[in-house]
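Please take me through this model at the level of its helices, strands and buried side chains. I would like each answer to give its reasoning before its result.

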Amino acid sequence: MTFRVAIAGLHMECATFLPHVTARDVFEAGTVRGARLFETFRNSNTVTGGFLKVLDASGAEIVPLLHADGGAAGLADQDAVAKYRQEIVDGLRAQAGAFDGLLLHLHGAMVTQDELDPDARTLDAIRAAVGPDLPIMVAIDYHANLDAASIAGATAAFGYRYSPHIDMGATGERAARCLLKTLAGEIRPAMAIARPGLILPSIFSATDLEPLKRLVDKARRHSVEHAGYTDVSLFAGFAYADVPNCGMSVVAVVDGTTQDALALAEELANDVTRYRDALSAPAPVYDLSEGIEKALDIARTADRPVVLLEHADRANDSTHGLRALLELEGPARVAVPFLWDPAAVTTAVAAGEGAEVALDLGGHSAPMAGGPVPVVARVDAVRRDLTYRGTGAMRAGSEVRLGDTVLLDVEGIKISVTSLSQSAIDFDPFLQFGLDPVAFDIVLLRSKTHFRAAWQGFAAEIIIVDTPDYGPADISSLPYRYAPIPERTLKG
Ligand SMILES: [Zn+2]
């Protein structure tokens, strides 16, 4: 029997303490409609790529609606989100009765000016449009903030298991397989959620860090070793979205009863609660000057670069680290990949390769981003409208769009500056400019966990520094209004 399956997505991660709202034009630049979904997502490590892989193999007929992506920044604009939500609902209504199920991709940490859980509203609106019986399987980011209401509109929910998100495609496949089994009458999924009561800063949500690693592995083992159909997702939550359901959660999907699912979810949630102190401090965090000193010390004898991690940056343009590195005297070879500053790029492009330009570099996005650094830079390379397919494990096959991009040399520090905000997580930022990562002593990154797929095991050392920015490791300093109080009292 051939099933007809609709696919859609509405995706953004919102750090609500950032002052700017992401408007529709930004979403629109990351939006794909109709049959264009096929060429954009097939053979990529994306949720939609995973949907397509399983549906293609099954011979299902696919109804591609819309995938809108606002990236990761501050609040999502309410009007924009409402329009995309309506577009999905209208697309489903237009084909009412003509499809058997829906596969949906949401982030789970979207917030608008008016809605604290817009992903829940999207699911509810879709459910209202398609009726109570149509199977809706949703794939959600590991950094989702969820409670029972968030996923009430879904038949079953699936989260990425890992951060770095090397399994976004695999998560889409899990959701798609569950949908096909359900449509074939092989299973009747029941779902439950448990919340252990812990808000984890993103920097500590890396699934290679213990004890998180063993909890993530337990969720995976539940899913693959259980006799019947079982799928357990552990969600790290997103500490920088100030919402009532901020924090970790566990979702279990079983071919059985809601009570069966709840028992599984609660078992893993209890493990999280038991390890909460260790989960909240799994790696050392240094202040900036201490971290740089340590990095220089290691770099003196290392044959590979030290990663200095300015992880509290939420907009890829913070300058706390860059400013401190420019003040260094001595021979350290430093790389600063993917600093976001479209105005600086425009100036550098106009000056051309080989020119010297005076720039106020970075730090424009928000007051706590460190402010612009006045520099005189040599323009080493200009790349107009730079777009490429990622080669790292997480971005494998995915389109990475940077807009006009330049490589600058500022007092020997190599800085690639982008027009579109994109975090540097793998070796592509070096390869795109013909640079060899091994040629540097210190590489300043702004990633939280995703860099580990390329850099853990490669870097001589990973040094986490906390800066006075929007995504600190010490979340007790954040001006929360909505996040549950008992869950944010940990030292972080
Ligand atoms: Zn994530």
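The questions and replies below go through one helix, three groups of paired strands and two threonines.

Me: Before we start, what kind of model is this, and how are its residues numbered?
Reply: This is a predicted model, in which local features need pLDDT of at least 70 and side-chain atom pairs count only at pLDDT 80 or more, while totals for chains, interfaces and linings use all residues. Side-chain values use heavy atoms, with hydrogens and water left out, and residues are numbered from 1 along each chain as its sequence is written.

Me: How far apart are the end C-alpha atoms of helix 8, and what span should its 17 residues have?
Reply: Helices (H or I, at least four residues) and strands (E, at least two) are DSSP runs numbered from the N terminus, and helix 8 covers residues 258–274. The expected span of a helix is 1.5 Å times one less than its number of residues. For the 17 residues of helix 8 that gives 24 Å, in agreement with the separation of its end C-alpha atoms, which is 24 Å.

Me: Why do the buried residues of helix 8 lie on the same side?
Reply: Taking buried as under 20% relative accessible area, exposed as over 50% and partly exposed as in between (1.4 Å probe, protein chains only), the buried residues of helix 8 are Ala 261, Leu 264, Ala 265, Leu 268, Ala 269, Asp 271 and Val 272. They share a side of helix 8 because the arc they cover around the axis, taken from the directions from the helix axis to the C-beta atoms, is only 150°. On the other side of helix 8, the exposed residues are Gln 259 and Arg 274.

Me: Which elements do the buried residues of helix 8 pack against?
Reply: Contact here means heavy atoms within 4.5 Å. The partners of these buried residues include three strands and two helices, namely strand 9 (189–194), strand 10 (230–235), strand 11 (249–255), helix 7 (212–225) and helix 9 (276–280).

Me: What is the strand order of the open sheet of three strands?
Reply: Two strands pair if DSSP finds at least two bridges between them, and strand 11 meets this with strand 9 over six antiparallel bridges and with strand 10 over six antiparallel bridges. Among the facing residues, Ala 194 stands opposite Val 250, and Thr 230 has Val 254 as its bridge partner. The edge strands, each pairing on one side only, are strand 9 and strand 10, and the order is 9-11-10.

Me: How many residues of strand 10 are buried?
Reply: Thr 230, Val 232 and Leu 234 point one way from strand 10, whereas Asp 231, Ser 233 and Phe 235 point the other way, and all are buried. Strand 10 is therefore largely enclosed by the rest of the structure, with a buried count of six of the six.

Me: Which strands pair with strand 6?
Reply: Strand 6 (residues 101–106) is mostly covered, with six of its six residues buried. Leu 102 of strand 6 is the bridge partner of Ala 6, and His 105 has Ala 139 in strand 7 as its partner. The pairing is parallel in both cases, over six bridges with strand 1 (residues 4–14) and over five bridges with strand 7 (residues 136–140).

Me: Which are the edge strands of the open sheet of nine strands?
Reply: This sheet has mixed pairing and the order 12-20-13-19-14-18-17-16-15. Within it, strand 13 and strand 20 (residues 461–466) pair in the parallel sense over four bridges, with Leu 308 opposite Ile 463. The edge strands, each pairing on one side only, are strand 12 (286–287) and strand 15 (356–361).

Me: Is Thr 319 buried or exposed?
Reply: Thr 319 is placed in the loop between strand 13 (306–309) and helix 11 (320–326). Its contacts, not counting residues up to four places away in sequence, include Glu 310, Leu 361, Ala 369 and Val 373, and a polar atom of its side chain lies 3.2 Å from the backbone oxygen of Gly 370. With a relative accessible area of 0%, Thr 319 is buried.

Me: What is the relative accessible area of Thr 467?
Reply: Thr 467 is in the segment after strand 20, and it touches Leu 288, Glu 310, Ala 312 and His 320, not counting residues up to four places away in sequence. Thr 467 is buried, and its relative accessible area is 5%.

Conventions: Polar contact = N/O pair within 3.5 Å; in protein donor to acceptor, adjacent residues only side chain to side chain.
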